[in-house]
Amino acid sequence: MSSVTTGAPPLSQTLVNSLPDVNQAGTSTPTRAVASHWSVRTLLIWLVLACLLPGILGAVALFFYEYREGRAQLEKDTIQTARALVQAVDNQILQAQALAEGLASADSLAEGELAKFHEQARRTLAESHLGITVVLADRLGQQILNAAENFGASLPPYGAADIANRVFETGEPAVSNLYRGRVLKRPLIAVAVPVTQEGKVIYALAISVLPERFNGILSTQGLPPGWVATILDGKGTIVARSRAAEEYVGQKPADAFLRQFMESDEGVMEATMKDGVPVISAYSRSAVTNWRVAISIPRDSLSDQLVRRLFLLALGVSALFAIGIGLAWLMGGRIAGSFRGLVRPAAAVGAGEKFVAPPATVREADELAKAMARAADLLQERTARLQDINRSLIEKERELNEAHSLAKFGSWHWDLQTAEVIASDSIRELCGRDIPPFAEQRGTLLTVESWERAAEAVRHVAETGGFDLDVEVNHGSGGTLWINAKGAAIRDAAGRVVALRGTVLDITDRKRAETEIQRLNAELEQQVQERTAELRRANDALLHTNAELQHFAHATAHDLQTPLRSIAGFTHLVQQEVHGRVDRRVDEWSALVIDNTKRLQDLIQALLTYTRLDVLGRPFERVDARKVFDEVAASLAVLIGETGAEVSCGELPTVAADRTQLAQVLQKLVENGIKYNKSEPPRVTVDCSRQEDDWVFSVADNGIGIDPRHHERIFEIFRRLHSYSQVPGTGIGLALCRRIVERHGGRMWVESAPGQGSVFYFSLPVSTDVAATPTAG
Ligand code: ADP
């Protein structure tokens, strides 16, 4: 039972071929996630970034929002400024208009004294500093008077004839666009009012104002550097400009610029100025003059502002990042250092050394170090305990090996896939040799017959699940031994047998003992047969002798009866013959002879009955014990009458018995109950109960009782506890009763004590089979 090799094809091949290819199974390599390890520093930097980033994004968003809001506000403010400028310009115009209207209502004019009016106009101009000249034009647009020229000088047609015309047409004041004064030869703006006489416009009176006057308005606004305020007349000609006015006044702005100005009364636009500067312009139109004031802000100044603020923001953010990352770097270094410090002590613990906690600046690292120290202590403790266990395991294994050797026991494992057999040392020791492959065990390790049986058992192991065999082994030293080999199949998940595992036990002693027992049994059987034959012969002889003895006793008793009867008869005759004539003692002696003869006769009769019990016995029949009792009581009527005894009886069953003999037993027991009784009155009670398969009869009395020492002796023949003179009797009665009961298959016994009365028991088997045969006695 050791190994499987290719040398045993029918057995191992079948099993091996049915096995799964174990090399196919379980070869899948589990995919493992590659763990990435981040340093504490990296994590903290990420944390800082994660914390700062939302704030920064928010700040940038806020920044752009503010920028947009700021720009919208700026546009609004600039429009406001433009409006204010429009009002200031309107004011100037209205002042000029008021001045003109004042002059128009001058008396000198109404009286036609133009020279006087000329002088008055010059004076008013000088006082007001508002206009540069005063012109009086007629309906044809001809200058009648010009304060800039001496009165009476010839004057060219009026340069702003268009507004003079409008005044004549509408009778309302009008404001000119920029025009070139023909007298002063320079750009001017005229505010004209009608001069009426008797409800008719006779002149158009205009006060000419220098554009520079409007430059003054612009310059007082204190615009930020780079900003340009421009005043445009109703045709879009530049009237005044806060910067480089001399260069631009009288010119038109860029076309795109102009188009937009003219399209709406108020607004903001982006455009490029003539000098190529991209600007944002806010403009507003005057309802009085239809002029427009535009304030242009170079776009660069706005983006500069934006860039500057962005730069500041970026600077702040960078600083924050730098501080945050720097702190994270520092903190990370400290944390990492605290944890890195634990690496070496932990490695030391692995090498079995003591854990020495390094100083830690981080509380968690300190707690970890403490926990590691505790764990290291526990580890050492466990290791020590494990070593103890290991030692005791080695000891136990050694003991087990010893026990195996002592018990001549071994275990083995047979891997059917590799055909490898692993056997315990004790098996080799047991067999006194190496264990060859199974195929080679035939006739070598195992006897041929044992090998064949083992092979057969292994062949069917898939169905049986195992085997239990006694096989004969050829010991290495030459002798043979018997071993009991037990094997169990080991199956894979699919239920195929992949290995066998089992034990062997040296049962040589048991086998030898069994052989010895078989030999002794055979011998014993022989002896028993011989003894039985002898006994049978002896029994036959005994029966023969018994029969002869019975015959002899019967004959003897019979022969004795006759002379005894003669002795008694003749003694009686002698007694009658000599009565009164001889000595009285002869009478007494004769009576004694007769009495003893009678006693002898009784004894012989009883003996005869005892010896011929079987001969006289009859087959059993169904007997009503109650009836038997009644008959017994009737036959004892005289004794009962004489003694005044009370004999009673309980419920009695019907039994299978010899009726006469049952009556004999009951009669003897009731009679003894009355006879050995001094109570007044003597009481005897017969009863019966069922106990398992027996009827147990009891005959109880209130008599003298029997010492327990004699409970068995009284059933022996001729055993009497009283002398004949005390209580007459033969000493055969109870012996006869017991024999009768035993012949019925029952037993008899007594329970009694002196002065306590006695209870005699006898059992009879409960038998439904009435024809139960009597027991040979
Ligand atoms: P015997 O003819 O003497 O009565 P038994 O065999 O009937 O012979 O009794 C044997 C002895 O057992 C008696 O001598 C008596 O001493 C004792 N014996 C039997 N029955 C009783 C009883 N009911 N009470 C007391 N003693 C008894």
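In this predicted model, strand S7 (228-232), strand S8 (238-241), helix H8 (255-263) and strand S11 (292-298) each contribute at least two residues to the lining of the second largest cavity. That cavity holds about 130 Å³ of space. Its lining is made up of 14 residues, and those nearest the centre are Ile238, Arg241, Pro253, Phe257 and Met273. Sorted by class, the lining has 9 nonpolar, 2 polar and 3 charged residues.

Strand S7 deserves a closer look, as it pairs with both of the other strands named above. S7 and S11 run antiparallel and are joined by 5 bridges; here Leu232 has Arg292 of S11 as its bridge partner. S7 and S8 also run antiparallel, with 3 bridges between them, and Ile231 stands opposite Ala240 in S8. The hairpin of S7 and S8 has 5 residues between the strands, and in this hairpin Gly236 takes a positive phi near 90 degrees.

How much of S7 is buried? The strand is mostly covered, with 5 of its 5 residues buried. In a regular strand, side chains alternate between the two faces of the sheet. In S7 both faces are covered: Val228, Thr230 and Leu232 are buried on one side, and Ala229 and Ile231 are buried on the other.

Strand S13 (residues 420-423) offers another pattern. One of its faces, with Val421 and Ala423, is covered, while the face with Glu420 and Ile422 is uncovered. The pairing partner is strand S12 (residues 409-415), which meets S13 in the antiparallel sense over 4 bridges. Within this pair, Asp415 stands opposite Glu420, a residue of the uncovered face of S13. The hairpin of S12 and S13 has 4 residues between the strands, and Ala419 takes a positive phi near 65 degrees there.

Val421, on the covered face of S13, also serves as a reference point for Ala538. The two residues are 117 residues apart along the chain, and their C-alpha atoms are separated by 66 Å. Ala538 sits in helix H16 (residues 508-578). Is Ala538 buried, exposed or partly exposed? Its relative accessible area is 41%, so Ala538 falls between the 20% limit for buried and the 50% limit for exposed and counts as partly exposed.

Turning back to enclosed space, the structure holds 5 cavities of 30 Å³ or more. The largest cavity has a volume of about 340 Å³ and is lined by 25 residues. Nearest its centre lie Asn672, Tyr676, Ile714, His722 and Leu734. Helix H21 (659-675), helix H22 (733-743) and strand S23 (758-765) each give at least two residues to this lining, and H21 provides the largest share, with 4 residues. The classes divide into 9 nonpolar, 10 polar and 6 charged residues.

The ligand shares some of these residue names. It is surrounded by 21 residues, of which Lys668, Tyr676, Arg720, His722 and Thr730 are the closest. Tyr676 and His722 are thus named both here and among the residues nearest the centre of the largest cavity. Several polar atoms lie close to ligand oxygen atoms. Tyr676 places a polar side-chain atom 2.7 Å from an oxygen atom of the ligand. The backbone takes part as well: a polar backbone atom of Leu721 is 3.2 Å from an oxygen atom of the ligand, and a backbone N or O atom of Gly733 lies 3.3 Å from one.

The largest pocket has a volume of about 690 Å³. It is lined by 24 residues, and the closest to its centre are Asp602, Ala606, Lys668, Glu671 and Thr730. Helix H17 (584-611), H21 and H22 are the elements that give two or more residues to this lining. Which element gives the largest share of the lining of the largest pocket? That share, 8 residues, comes from H17. By class, the pocket lining has 10 nonpolar, 8 polar and 6 charged residues. Lys668 and Thr730, close to the pocket centre, are also among the residues closest to the ligand. H21 and H22 likewise appear twice, in the lining of the largest pocket and in that of the largest cavity.

Key. Residues numbered from 1 in each chain as written. Predicted model: local features only at pLDDT ≥ 70, side-chain atom pairs only at ≥ 80, totals over all residues. Heavy atoms only, no water. 1 Å grid on protein atoms, 1.4 Å probe; cavity = no way out; pocket = protein on both sides within 12 Å on 5 of 7 lines; lining within 4 Å. Points joined across faces, edges and corners; volume = space filled by probe spheres on them. Nonpolar A, V, L, I, M, F, W, Y, C, P; charged D, E, K, R; others polar. Buried < 20%, exposed > 50% of the residue type's maximum accessible area, 1.4 Å probe, protein only. Pairing = 2+ DSSP bridges. Near = heavy atom within 4 Å. Polar contact = N/O pair within 3.5 Å; in protein donor to acceptor, adjacent residues only side chain to side chain.
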